[in-house]
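Subject: Structure for you to look through

Dear colleague,

Here is the structure I promised to pass on to you, together with some notes on what turned up in it. Please open it beside this message and follow along as you read.

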Amino acid sequence: MSGQETNRGQRGPQGPGFRGSGLGSVVEKPKNFRETWGKLIAYCRTDMPVVALALVLAGMGTVMQIIGPDRLGAMTNEIIYGLPALIDGAPMVGAIDLGAVGRIGLLLVGLYTASLLLNFSQGYMMATVTQRISQKMRTGISQKINRLPLSYFDRTSYGDILSRVTNDVDTIGQTMNQSIGSLVTSVTMFAGSAVMMFYNSWILALVALGASMIGFVSMGFVMGKSQKYFVRQQKDLGAVNGHIEEMYSGHKVVKAYNGSREAKRVFEEINERLFDSGWKSQFMSGLMMPLMMFIGNFGYVAVCVVGALLAMNGSIQFGVIVAFMIYIRLLTQPLSQIAQAFQNLQRTAAASERVFDFFDEAEMDNESQKVKHLTDVKGDIAFRHVQFGYVPEKIIIHNFSAEMKAGQKVAIVGPTGAGKTTIVNLLMRFYELNAGEILIDGIPINQVPRENVHDQFCMVLQDTWTFEGTIRENIVYCKQGVTDAEVKAACKAVGLHHFIQTLPLGYDTPLNEKASLSQGQKQLVTIARAMIQNAPMLILDEATSSVDTRTEHLIQAAMDQLMVGRTSFVIAHRLSTIKNADLILVMRDGDIVESGTHKALLERGGIYAELYNSQFELAV
């Protein structure tokens, strides 16, 4: 275990995977709804003209639907005028004006066809724009990840970050694609239906609107109560994803330590909170539809009763009642759609808060303005009074000073938690210093861009990392202009070439979950990758920890060749591998307590000698 892991705290039974009942038990107060949506609209400002046009088309299509029932009422009146009627007991028969009926029918066909085309255009435009916005948001999150300091990932679950990229962005995209257009059409439908109702009969309009007011009051009450549950639902969803990701990635450890029961308990605890918040949010959202159906049916009854009385008095024609029966549906149906749209807008506000909170995280400083660059690096390195802590209140590197000459092989040893890996992380500028400075060839590394510092190192860690791609792609990684001969030479140097030749596809064998590479073979792949990078300085953090003794000797011989002319940093617990180091730094509690060659340190009989001899005692 490295000093970095020890000082930061590990993700294990007391880490993010076993949060207990604390996470999610306190409901965060939702932010201002308008403020969050204001941020989202500002983020999408380049696409807003297209969105506005789509919404105008949706409104026009809805207006044409609204005109339909009025014309349908007129058609009904034309038919009624021509039907037999009883006036003073004597039959009176009039011919139906089929020409007028036909003209109204053609007008209705035209209106509904135009409405279909406009709504189709609106749907196509909104689907295109929302997918573009979702793509932009995912790209923004990906770019943001590259600008975040490693300290953010030390305190944040990977699953929670993935949840923002997937669940939260999908929620935003679906709402913008469906709910915003639905909200515009519903509002237009409601307002237009109300206008047409007053145009036909103000009395029946008041009756219908009076019934609808019950829906408005109920909708406002439910919306006011449900927002906090949508916020909790998104947060609990991120917690579930984080727990599953950690338990799946560490399932071997969980099995080995019989942690399945505890992992299951924690999952059920978080899942229960997600069930609670999800059930409450969905239940309150689901109340809208039956409530609106009740109000619609109540409106039908009220309009039929009052309409019949008005028709008997001759105040309205029968066709008005027919039109109102359709307008009641057009009036109440938008209420449920508006309620559902607002619920989705609230869910989107909760998702947007999480995405924009991620965007608002403090980034590493923009270093594009730095003009100094490391070029033709020799490899002289100096640590001057370095102080550092992963958290400000806990300093773990107190006053580290050391100098390394170009081409030296420098070994850093010490007990677990001494700060060995931390020193390497600081050298690579993965973290910023609290005090002091680190110089490469006399230039402070904080005066040059981080990418320029990273280019000077090839690195092999104790934790192997391969991605889904061929063996060749994993070895070359992002290095440009690498030939097949160079790849094969690197693999031969680490003893991997023969194994690759036995594979059916050789160097084109894909590495994925089905690839049968051992941990040691994956380590060889990462070492070959470091050789291909051919940087002026080399860092080996327990690079041979996963290979057997024979392979270790082969790798050591290859590494000795690779180290020629390069400043090399070797972190090793097996001290027998660093006997030929030019300089050995012995660390304890963040400070150098001894330094010198292997022979000199053994003769001194101090901490290094104790560590070195203890290996043979344990072997005996």
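Please keep in mind throughout that this is a predicted model. A good place to begin is helix α12, residues 420–427, which lies across β5 (409–413), β8, β11 (537–541), β12 (567–571) and β13, and which runs at about 150 degrees to β12. The strands just named belong to an open sheet of six strands, whose order is β8-β11-β12-β5-β13-β14 and whose pairing is mixed. At the edges of this sheet stand β8 (457–460) and β14 (591–596), and because each has a single partner strand, one side of each is left without a neighbour in the sheet. From one strand to the next, the twist averages 20 degrees. As a general point that may help you here, the strands of a sheet pair through backbone hydrogen bonds, and they do so either parallel or antiparallel.

Within this sheet, it is worth following one pair of strands residue by residue. Strand β13, residues 583–588, is joined to β14 by five bridges, and the two run antiparallel. Arg588 stands opposite Asp591 in β14, while Val586 has Glu594 of β14 as its bridge partner. The two strands β13 and β14 form a hairpin with two residues between them, and in that turn Asp589 has a positive phi of about 55 degrees.

Helix α12 also lies across β3, β4 and β6, and here its direction is at about 115 degrees to β3. These strands are part of an open sheet of four, in the order β4-β3-β6-β7, with antiparallel pairing. Which strands stand at the edges of this sheet? They are β4 (397–404) and β7 (443–444), and since each has a single partner strand, one side of each is left without a neighbour in the sheet. Between strand β3 (residues 381–388) and strand β6 (residues 435–440) there are five bridges in the antiparallel sense, and among the residues involved, Ile381 has Ile440 in β6 as its bridge partner.

Turning now to the interior, the largest nonpolar core has 40 residues, and the members that touch the most others are Ile475, Cys491, Ile578, Ile584 and Tyr608. Helix α17, residues 519–533, supplies the largest share of this core, namely seven residues. If you select Ile475 and set aside residues up to four places away in sequence, you will find that it touches Val487, Cys491, Val525, Ala528, Arg529 and Ile532. There is also a second, separate core of 34 residues, which includes Leu374, Met404, Ala418 and Val453. Arg529, which you have just met as a contact of Ile475, lies over the face of Tyr477, at 5.6 Å from the ring centre.

The aromatic rings deserve a careful look as well, and a search of the whole structure finds ten aromatic pairs. In one of them, the rings of Phe356 and Phe359 have their centres 6.1 Å apart and their planes at 55 degrees, so this pair is tilted. Both of these residues, Phe356 and Phe359, lie in helix α11 (residues 318–359), where they are three residues apart, about one turn of the helix, and both are buried. Another pair, Tyr608 and Tyr612, is stacked, with 6.3 Å from centre to centre and 20 degrees between the planes. Tyr608 and Tyr612 both lie in helix α20 (residues 607–619), four residues apart, again about one turn of the helix. Are these two tyrosines, Tyr608 and Tyr612, buried or exposed? Tyr608 counts as buried because its relative accessibility is 0%, and Tyr612, with a relative accessible area of 8%, is buried too.

Ring pairs also link Tyr43, Phe356 and Phe359 into a cluster, and over the ring of Tyr43 sits the charged end of Lys136, 4.5 Å from its centre.

Finally, please look at Val51, which has its place in helix α3 (residues 48–81) and which, at 4% relative accessibility, counts as buried. Val51 and Met126 are 75 residues apart in sequence, and yet their C-alpha atoms are 6.5 Å apart in space. Apart from its neighbours within four places in sequence, Val51 is in contact with Met126 and Val129.

With best wishes

Terms used:
Residues are numbered from 1 along each chain as its sequence is written. This is a predicted model: local features need pLDDT of at least 70, side-chain atom pairs count only at pLDDT 80 or more; totals for chains, interfaces and linings use all residues. Side-chain values use heavy atoms; hydrogens and water are left out. Two strands pair if DSSP finds at least two bridges between them. Axes are lines fitted to C-alpha atoms, for helices over the stretch in contact, and angles run from 0 to 180 degrees between N-to-C directions. Contact means heavy atoms within 4.5 Å. A nonpolar core is a set of buried Ala, Val, Leu, Ile, Met, Phe, Trp, Tyr and Cys residues joined through side-chain atoms within 4.5 Å. Buried means under 20% relative accessible area, exposed over 50%, partly exposed in between (1.4 Å probe, protein chains only). Rings of Phe, Tyr and Trp (its six-membered ring) pair if their centres lie within 6.5 Å; planes under 30 degrees apart count as stacked, over 60 as edge-to-face and the rest as tilted. A charge sits over a ring if NZ of Lys or CZ of Arg is within 6 Å of the ring centre and within 35 degrees of the ring normal.
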